[in-house]
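Here's a structure to explore at your own pace. Have it open while you read, and let's walk through it together.

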Amino acid sequence: MAVAQRVATPHRKELIVVPYRRVSAAAMATNVVLILLGCFFVLPMLWMLFAAVDSNPDWAIKLPSLTLDNFKDVLARQDAIDSFKASVIVAGTTTVVTAILSVLAAYPLSRMHIPFKRSFMLAVLFCSGLPVSMLIVPVYQMYVYLGWLDSLYTTALFLAASSLPFAIWLMKNFIDAVPAELEHAAAIDGAGTVRILREIVLPLTLPGIAVTAIYTFINAWGAFIVPFVLTYSPENQTGPIEIYNFMGSHGLFKFGDLAVFSLLFSLPVVVLYLFMSRYFSGAFNFGGAVK
Amino acid sequence: MLSEVRFEGVHKIFGTETVVEDLNLTVKAGEFLVLVGPSGCGKTTTLRMLAGLERPSYGRVFIGDRLVNNVPPRNRDIAMVFQSYALYPHMNVYDNLAFGLRSRGASGSVVAQRVTETADVLGLGQLLKRKPSELSGGQRQRVALGRALIRQPQVFLMDEPLSNLDAGLRVQMRAELSRLHQRFAVTTVYVTHDQVEAMTMGDRIAVMNAGRLQQVDTPQTLYDSPANMFVAGFIGSPRMNFVPGRLGGAQGRRTVEFLGAQVPLTRGQDVTREPAEGRVIVGIRPEDLQWKQDAPAGDTVSVQATVDVVEPMGHEALVTAVCAGELLTSRFPPRSGVKTKDQVELALDPARLHLFDAESGEAILKRPPASGTKQASVGEARMDESA
Amino acid sequence: MAVAQGLGPRQDRTRFQWSSLVMLAPAVAVLGLLFVFPVVYAGYLGFTNLALVGSRSRDYTFTGLDNVTRMMGDYVFTNGAWLTILFVVGSAIVGQSVLGMLLALLLRNAHFSVRAVVGSVVIVAWVLPEITVALIWYAFSQAGGTLSILLHRPDTDFLVVVPMLIVSIANLWRNVAFSMLVFSAGLRNLPTEVLEAAEVEGASAFRRFRTVVLPLLKPTIVTNLLLVTILNLSEFTLIYAMTQGGPGNETMTLPLYVYQQAFVFHQLGYGTAISLVLVVIGAVFSLLFVRASRTQI
């Protein structure tokens, strides 16, 4: 891509030389099509953004008469705050449990000699693809039997169980990337297993743990059917359920509140994604990684 | 405290493959022993068994008087320098050096003192705050050395530590390692595939091939009296020439027929084993094969050869010539003027011949000790140790 | 192997390491109880007549293939199966993959600012919680919503008129980023020399794509198709939040039907049976793709 350059001439006046830039029709078309596609993606989101700051919003996108009243409303509503708290508890617990358990399980799977390891890992990966709809019915029955219904923590436990297969698969791959020689060197240096894990393995897999944790959190945060089925009291309804309930009560609520709440609810995961893509280059890094 | 290292009847089998077979080897206390051989010969596996990173399938390993077969690496009081250095990437040089001491519960002041000492010895004083990724290859290598030195172990293990360095650095580090060994005199087992490294650094060299120990001796003895064709061809560059021959004559007046010449064995040379049908392989080092014109007058045998390739090396020229259908490499003076297709006369000294059984490859010629050679080392070589 | 005489027993038999057991235990316990057991239990439940309330919640029996027979005669089930396959093939296999490939290709050659903005927007759509996506698409396709305004039909509720289409497009909108990332990575890993050789030989961009890029990308494409199928087969939240399966049963895909049977009509046994069918469909698709990826070069 040609760039304008400043050329100093002997006459003390600077000339700006701009090489002629040829823009091909194909390149133009590419960018135009992309911009159009971009609009397709942005359009539905715009409604939420505008309605959130509109004092009189409707279903369609319209120029908002700007106000922050909707925000004040939502932040004052008990049910909104409760569901946010519920989501934090569920997603947080799920993430913590999954992260710890997956690291613990992935280490032996990565380092130690276990027969049929490859088929086991494939089975694990396959399990991550099993539909939740299949699991939720027997689990519901089990929870009825165990008296575990309507608890945020037991709900989180099941979410952790369904997140574990993929998390273990991810973590195992991250631990594989730490050269085993470092652990050998540490062993020869005199470190026991605990010290090796704590001072060598853990610090070096921290990025992997972060990725796994963030991935698990994003999934748990948006989980719908599991908390929907396993909880029923109003104070245990997580964010997605709250939004769903809002949607059902047509006309008896304020669009503005709904838009604000879903906006606020979506914010943490978007922020987490931005954080992950900035600090972890990989499939998620899009800004400069292409080409 | 210096310890010797002993392998008794050690085997290592992976699946169906025997990687180390019946290894019997003693490393003397304070000795720098080089374990050398081509890739896959079992030398690294042997080292790892000594380190405790692999368990022998059969046999026993001793450090000092202690049987260490079931002792985990951390309790063997050894230190190892890995080929890839294995420096802890998330710790700076200071912490890398201190890790071993801290794992054993050393106090902060002891750690500080030892780290400073070691860093001084190795010239790392300015680099203590840096992380491995900020160091050059040579610097990393020295940190790896420092990490081993600082623990003052009974045995040093080194797994091809110089192979990741460029040629100039390698030569420099070879000298530095030798100097360090002079100074600290720790029993060291050093693994390499490079015979030059082995020859220049080792007090003794153990040559391995295909899992079996071929010969253990001082560098000079290995050069002068290789126990079999493998060792003869492995040690010494350029490689020894091998030509087929026939052993004849009667007791006391043996002759060898090769390259169309009949060469009587010189006085004092004796054949230890009769080869089947008298078939032998004759070994002649390029440095023992000279241009007749250049050779000192003496008891020599000459053969005619046609020059095939001349490789000028600056200080000499390596000339490959064809004689009686065999290719021979010899060392010529640098400005001999010899070129391809020339006919030359090559002189060889019968006293410098090597004879190997054509079937087993074993050396079968015993020569009287050359004046000035340490005869003691031949006796100590324990030829019965080798396969 | 000439070893073994009088050497004694092998010393290096792999010894069981208790520490690995300790580390694996928690994960195995949780997975065992809340994953493996439910799967097995589901395998059993699917052949019973367990109900959530009423007499059948206590005295339920193994009913053999009764549930299967019932499914065969159940219009909603057969319709649901059809809708599910339609959804997966249309929205995921075709829609998501094609649009994802298109985006990946276009973004490679785009101006840096366009790439950054459009790329980010597509990914944000993917990161949003599904319920948010359901909400904004609900708003988008309502009577009086943006779509109806744009198409000059302010009284049409598109979710009633073309529910399956809207739901499929919403799903596509949300999930495209995944395929786009997969294909971007695949394109990045293409050997540039092969492409340059084709260009030098005078092939047009379209021809280059068809004869060089596509064949080289086959493994990536198959991987994408497999993953996309698995991920979309059990899609629930988006459809349920937008239509609850309606109007009538027009968007009652199998996952939604499972929910309805199990938790609305309280037929846990029948509901589980339907979910088992879902798993079978998924397995069949997986096998097809694995088979397809093997026969390629």
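**Two helices crossing in chain C**

α3(C) and α10(C) are oblique to each other. Where does that word come from? Keep in mind that this is a predicted model. The axes of helix α3 (residues 75-108) and helix α10 (residues 205-233) of chain C cross at roughly 140° and come within 9 Å. Angles over 145 degrees would count as roughly antiparallel, and 65 to 115 as roughly perpendicular, so the angle here falls among the rest, called oblique. The crossing of α3(C) past α10(C) is right-handed.

Now look at who does the touching. On α3(C), the contact residues include C:Thr84, C:Val88 and C:Ser91, while C:Asn224, C:Leu225 and C:Val228 are among those on α10(C). Sorted by class, this contact has six nonpolar, seven polar and no charged residues.

Next, move out to where two chains meet. Here 69 residues of chain A are in contact with 76 residues of chain C. Several helices of chain A each supply at least two residues to this side, including α3 (78-111), α6 (152-176) and α11 (255-279). Which helix gives the most? That's α1(A), with 15 residues. The side of chain A that touches chain C has 53 nonpolar, 14 polar and two charged residues.

Finally, stay with chain A, which is divided into domain 1 (5-67) and domain 2 (77-279). The centres of these two domains of chain A are 37 Å apart, taken over C-alpha atoms. Six residues of domain 1 of chain A are in contact with six residues of domain 2 of chain A. On the domain 1 side, those residues divide into four nonpolar, no polar and two charged.

Notes
Residues are numbered from 1 along each chain as its sequence is written. Chains are lettered from A and ligands numbered from 1 in the order in which they are written. This is a predicted model: local features need pLDDT of at least 70, side-chain atom pairs count only at pLDDT 80 or more; totals for chains, interfaces and linings use all residues. Domain bounds come from an automatic or database domain assignment. Two residues are in contact if their C-beta atoms, placed from the backbone, lie within 7 Å. Ala, Val, Leu, Ile, Met, Phe, Trp, Tyr, Cys and Pro count as nonpolar, Asp, Glu, Lys and Arg as charged, and the others, Gly among them, as polar. Axes are lines fitted to C-alpha atoms, for helices over the stretch in contact, and angles run from 0 to 180 degrees between N-to-C directions. Helices (H or I, at least four residues) and strands (E, at least two) are DSSP runs, numbered from the N terminus. Angles under 35 degrees count as roughly parallel, over 145 as roughly antiparallel, 65 to 115 as roughly perpendicular and the rest as oblique. A crossing is left-handed if the near helix is turned anticlockwise from the far one by less than a right angle, and right-handed if clockwise.
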